[in-house]
Amino acid sequence: DKGAFAPMVAGRQEKGVDFRVCRNTLKSRNLTDDAVIMEARVVPSGVAEIGKLQAQEGYVYLKP
């Protein structure tokens with residue numbers, strides 16, 4: 001249920017969080033873009049998006 005996450009997403013967006021979802025992952029799980037909450041942006045590839053953010057926008061990916 002997409003609505004279950006609405007309060008959490010809204011709270012994070014107010015703090016500047018941008019939600020992006022990997023289309024490759026959606027496809028591998030037999031889901032369409034419609035399965036994603038309206039506040040999130042679907043990107044073609046999550047890995048490529050991370051690479052772009054690191055190279056062009058100065059982000060750093062940390063894995064715990």
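Me: Which residue just after helix 3 takes a positive phi?

Reply: In this predicted model, that residue is Gly58, with a phi of about 75°.

Me: Thanks! How many residues does helix 3 have, and how far does helix 3 reach from its first C-alpha to its last?

Reply: Helix 3 has 12 residues and reaches 15 Å, close to the 16 Å expected at 1.5 Å a residue.

Me: Which residues of helix 3 are buried?

Reply: Gly46, Glu49 and Leu53 are the buried ones. They cover an arc of only 55° around the axis, so they lie on the same side of helix 3. Turned away from that buried side is a face carrying the exposed residues Val47, Ala55 and Gln56. As for what covers the buried residues, strand 1 (20-22) and strand 2 are included.

Me: What comes just ahead of helix 3?

Reply: Look at Ser45, in the loop between strand 2 (41-43) and helix 3 (46-57). The side chain of Ser45 reaches the backbone nitrogen of Ala48 at 3.2 Å. Leaving out residues up to four places away in sequence, Ser45 touches Cys22 and Asn24.

Me: And how should I read a nonpolar core?

Reply: Here is the general idea: in soluble globular proteins, nonpolar side chains tend to be buried together. In this structure, the largest nonpolar core has six residues: Val9, Leu26, Val36, Ile37, Ala40 and Val42. With residues up to four places away in sequence set aside, Ala40 touches Phe19 and Val21.

Me: Why does Phe5 count as partly exposed?

Reply: Because its relative accessibility is 47%, and partly exposed runs between 20% and 50%. You will find Phe5 in the segment before helix 1 (6-14).

Notes:
Residues numbered from 1 in each chain as written. Predicted model: local features only at pLDDT ≥ 70, side-chain atom pairs only at ≥ 80, totals over all residues. Heavy atoms only, no water. Helix = DSSP H or I, 4+ residues; strand = E, 2+ residues; numbered from the N terminus. Buried < 20%, exposed > 50% of the residue type's maximum accessible area, 1.4 Å probe, protein only. Core = buried A, V, L, I, M, F, W, Y, C linked by side-chain atoms within 4.5 Å. Contact = heavy atoms within 4.5 Å. Polar contact = N/O pair within 3.5 Å; in protein donor to acceptor, adjacent residues only side chain to side chain. Expected span 1.5 Å × (residues − 1). Arc of directions from axis to C-beta.
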